[in-house]
Amino acid sequence: MTRKYLSRPDWKRIAKREDRKMYISEADFTGNIHFLKMLEVSNTLLNTKFEIPELIVNDNYSWILFMPDNEFYVIIGQFDNNDNLIQIYVDIINDSGLENDELYYDDIYIDVILHYDKKVLIDDEDELKEALKENIITNEQYQSAYKTAITIYEDMKSDPDKWMNLVNKYHAIMKNKKEI
């Protein structure tokens, strides 16, 4: 498992950034949201999971990260420099909390990705299986992570617009919010 922080403070590739965060309690989402605008990056990042590789980190790109209360996943909406949604990346997690005033989560390998063209895939399932085989995670953790991934995958397949609307809505709100 990998400990990740919602604000990505350890990302050396981001030379200049803007961060905004807030707690939301609405009908469509309850939890923490972090908006990250990458004003300048030293290294780009390419997504190669779909047919055509696409940049997901570049100058003036933004990510909006959602950590829902009482769930075992984190939603990451990734946007280009024109605020077009590239993809929604969902990290399945084992645990989350607060450490040194930073929200963190423990990524448990398996992920679900919804591309802007509404293609959906489960990623790194092999890493989850390997972690179980190597006794890095328990069978209970494996079953929980796999079940969460399948549930999200099926929901994204049946209603991708629900996920896209959520991410686009809060991205629009957070990008215009005064810096906190």
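Start with the hairpin: select strand 2 and strand 3, which form it with four residues between them. Keep in mind that this is a predicted model. Strand 2 covers residues 14–25 and strand 3 covers residues 30–41, and the two pair in the antiparallel sense over eleven bridges. To see the register, show arginine 20 as sticks and look across to strand 3, where phenylalanine 35 stands opposite.

Next, hop over to the helices. Select residues 139–158 for helix 2 and residues 160–175 for helix 3; their axes come within 5 Å and cross at roughly 95°. An angle of 65 to 115 degrees counts as roughly perpendicular, so that's how helix 2 and helix 3 sit relative to each other. Now light up the side of the contact that belongs to helix 2: Ile152, Asp155, Met156, Lys157 and Ser158. Helix 3 brings Pro160, Lys162 and Trp163. Colour that patch by class and you'll get four nonpolar, one polar and three charged residues.

Last stop: aspartate 91, in strand 8 (residues 85–99). Is aspartate 91 buried or exposed? Its relative accessible area is 0%, and anything under 20% counts as buried, so aspartate 91 is buried. Who's around it? Leaving out residues up to four places away in sequence, aspartate 91 touches Lys4, Arg8, Phe72, Tyr73, Val74, Ile76, Tyr105, Asp107, Ile110 and Asp111. Zoom in on tyrosine 105 from that list: its side chain and that of aspartate 91 are joined by a polar contact of 2.7 Å.

Technical notes: Residues numbered from 1 in each chain as written. Predicted model: local features only at pLDDT ≥ 70, side-chain atom pairs only at ≥ 80, totals over all residues. Heavy atoms only, no water. Pairing = 2+ DSSP bridges. Axes fitted to C-alpha atoms, helices over the stretch in contact; angles between N-to-C directions. Parallel < 35°, antiparallel > 145°, perpendicular 65-115°, else oblique. Contact = heavy atoms within 4.5 Å. Nonpolar A, V, L, I, M, F, W, Y, C, P; charged D, E, K, R; others polar. Buried < 20%, exposed > 50% of the residue type's maximum accessible area, 1.4 Å probe, protein only. Polar contact = N/O pair within 3.5 Å; in protein donor to acceptor, adjacent residues only side chain to side chain.
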